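Here is a friendly walk through one fold, meant to be read with the structure open beside you. We start with the sheet, then turn to the helices and the ligand.

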Amino acid sequence: MRDGTGAPRAETVFMTDLTTTPDLTALSAKLRRDDQAFRRSFALGQFGADEGGADPVAPRPAAPAPARGAEARARFLALVESRLGVDAGGSVSDRIDRLLASMPPAAIPGWLAELEMEPADGAGWAALVDLLTVHETYFFRDQDQLVFLRRSVLPGLIAARRNDQLARLTVWCAGCSSGEEVYTLAMLLVDALCDAGEAEIRGDGRICIQPRWRVSVLWTDIDRGVLGQAQSGCYSDFPMGPFRSLPEAWGGYFDPSTRLPPYGGPPVRVVRPEIRALTGFLPHNVISADPPTLDACLVLCRNVLIYLSDRARLHAQALFHRALSRDGALALGPTDVMRQPELFQPMWGASTVLYRKK
Ligand SMILES: C[S@@+](CC[C@H](N)C(=O)[O-])C[C@H]1O[C@@H](n2cnc3c(N)ncnc32)[C@H](O)[C@@H]1O
């Protein structure tokens with residue numbers, strides 16, 4: 001449309017932009033699909049590679065943020081950091097740039113104002129969480145640390161509780177993604193209880209724990225989208241998939257028969273119901289004011305803090321300290337740095353470390 005001078009009527013364009021409410025869910029889903037397609041085409045050899053401190057979604061050149069959008073971008077980064085704890089300038093900055101570049105610039109301030117008003121469990125934030133989180137995980141990830149935990153920490157935690165009338169073993173697994181880490185932990189606890197004579201695995205594979213034990217592996221994640229798969233305990237067995245590190249001897253913690261999905265694809269293995277029954281999910285953000293428990297003998301938060309800002313890491317580690325019982329232990333990811341050395345004492349294994357609450 002043109003005005004009387006023949007010049008384009010720019011305000012008509014802006015009016016259109018301003019009334020366009022961005023469909024963040026669709027944008028988010030599209031960007032995630034793009035990421036996956038890019039990851040597939042980038043290099044098959046990289047598929048399933050461990051983070052090693054980097055985003056497993058290979059970086060691609062970011063769309064340059066328009067200069068006039070710099071202020072909105074800074075406002076968005078600050079908002080994402082304060083609500084999600086995410087280090088928005090880090091490995092997810094490329095996704096953020098692509099998200100902002102895909103929106104009409106004039107619509108961004110209104111959208112930001114809506115996000116600022118929206119509660120953390122609103123649809124806009126859920127779509128952002130889906131876009132900005134990385135869910136890579138698998139059974140028995142970082143075996144050195146788990147072996148050290150099983151041999152050097154769990155027996156002591158069990159021994160300290162075995163004379164209690166109600167012997168509680170509460171574990172908090174923060175940022176657990178689709179559940180492989182949670183079930184790994186439940187298996188380790190059962191194994192340690194068997195060694196201590198407090199549980200047994202019967203001939204038919206059934207797991208029986210002495211009734212006075214209250215074992216619970218509480219798993220939390222900021223992304224509610226991970227809940228479905230984690231609860232079902234069903235995992236597809238494909239090369240470099242969730243079973244890539246599962247020791248053969250631990251296969252007994254899964255239903256003996258693998259299932260072939262009717263729609264094709266790799267076989268599915270299902271975690272035994274007795275193991276699933278030890279676990280429970282809560283949506284939780286590690287930058288929340290309170291932990292989900294104050295009685296954990298063990299907290300695991302691995303490969304989560306690497307995506308968060310310094311401030312969020314500090315806060316989260318103080319939260320883990322509050323969640324732990326007096327003799328509790330903390331496991332961080334291999335690339336995480338202890339930011340609260342006055343709260344935790346390192347326990348060194350051959351090539352790994354855990355932390356004891358001070
Ligand atoms: C790479 S996965 C790690 C999964 C598992 N801990 C492991 O090591 O295999 C990171 C998980 O942290 C979650 N996450 C990211 N930021 C979080 C936050 N602020 N609070 C809680 N969970 C968060 C993500 O949703 C994702 O599921």
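Which residue in β4 is the bridge partner of Cys173? The partner is Trp219. Please keep in mind that this is a predicted model. The pair belongs to a sheet of seven strands, and the points below follow that sheet before moving on to the helices.

**The sheet as a whole**

- The sheet is open, with its strands in the order β7-β4-β1-β8-β9-β11-β10 and mixed pairing.
- Its edges are β7 (279-283) and β10 (344-348), each of which pairs on one side only.
- From one strand to the next, the twist averages 25°.

**The β1, β4 and β7 strands**

- β1 runs parallel to strand β4 (residues 213-221), and eight bridges join the two.
- Within this pairing you will find Cys173 bridged to Trp219 of β4.
- β4 also pairs with β7, in the parallel sense and over five bridges.
- Here Asp221 stands opposite Pro283 of β7.

**From β8 to the β10 edge**

- Strand β8 (residues 296-301) and strand β9 (residues 324-332) are parallel partners, with five bridges between them.
- A position to look for is Cys301, which stands opposite Leu332 in β9.
- β9 and β11 run antiparallel and are joined by two bridges.
- Leu330 has Tyr355 of β11 as its bridge partner.
- β11 pairs with β10 as well, in the antiparallel sense over five bridges.
- One bridge here links Trp348 to Val353 in β11.
- The connection from β10 to β11 is a hairpin through four residues.

**Helix α7, the sheet and α8**

- Helix α7 (residues 143-161) lies across four strands, namely β1 (167-174), β8, β9 and β11 (353-357).
- Relative to β9, α7 runs at about 170°.
- α7 also packs with helix α8 (residues 180-195), at an angle of about 55° and with the axes 10 Å apart.
- The two helices, α7 and α8, are therefore oblique to each other.
- Their crossing is right-handed.
- On the α7 side, the contact is made by Leu146, Leu149, Arg150, Leu154, Pro155 and Ile158.
- α8 contributes Thr184, Leu188, Leu189, Asp191, Ala192 and Leu193.
- By class, the contact of α7 with α8 has nine nonpolar residues, one polar and two charged.

**Helices α3 and α5**

- How do helix α3 (residues 70-84) and helix α5 (residues 108-117) pack, and at what angle? The angle is about 15°, and their axes are 10 Å apart.
- That angle makes α3 roughly parallel to α5.
- α3 passes α5 in a left-handed crossing.
- Ala72, Arg75, Phe76 and Leu79 make the contact from α3, while α5 supplies Ile108, Pro109, Leu112, Leu115 and Glu116.
- Seven nonpolar and two charged residues make up the contact of α3 with α5, and there are no polar ones.

**Around the ligand**

- The ligand is surrounded by 24 residues.
- Thr133, Thr137, Gly175, Ser177 and Asn303 are the closest.
- Sorted by class, the shell around the ligand holds ten nonpolar, eight polar and six charged residues.

Note on methods: Residues numbered from 1 in each chain as written. Predicted model: local features only at pLDDT ≥ 70, side-chain atom pairs only at ≥ 80, totals over all residues. Axes fitted to C-alpha atoms, helices over the stretch in contact; angles between N-to-C directions. Parallel < 35°, antiparallel > 145°, perpendicular 65-115°, else oblique. Left-handed = near helix turned anticlockwise from the far one by under 90°. Contact = placed C-beta atoms within 7 Å. Nonpolar A, V, L, I, M, F, W, Y, C, P; charged D, E, K, R; others polar. Pairing = 2+ DSSP bridges. Near = placed C-beta within 6 Å.
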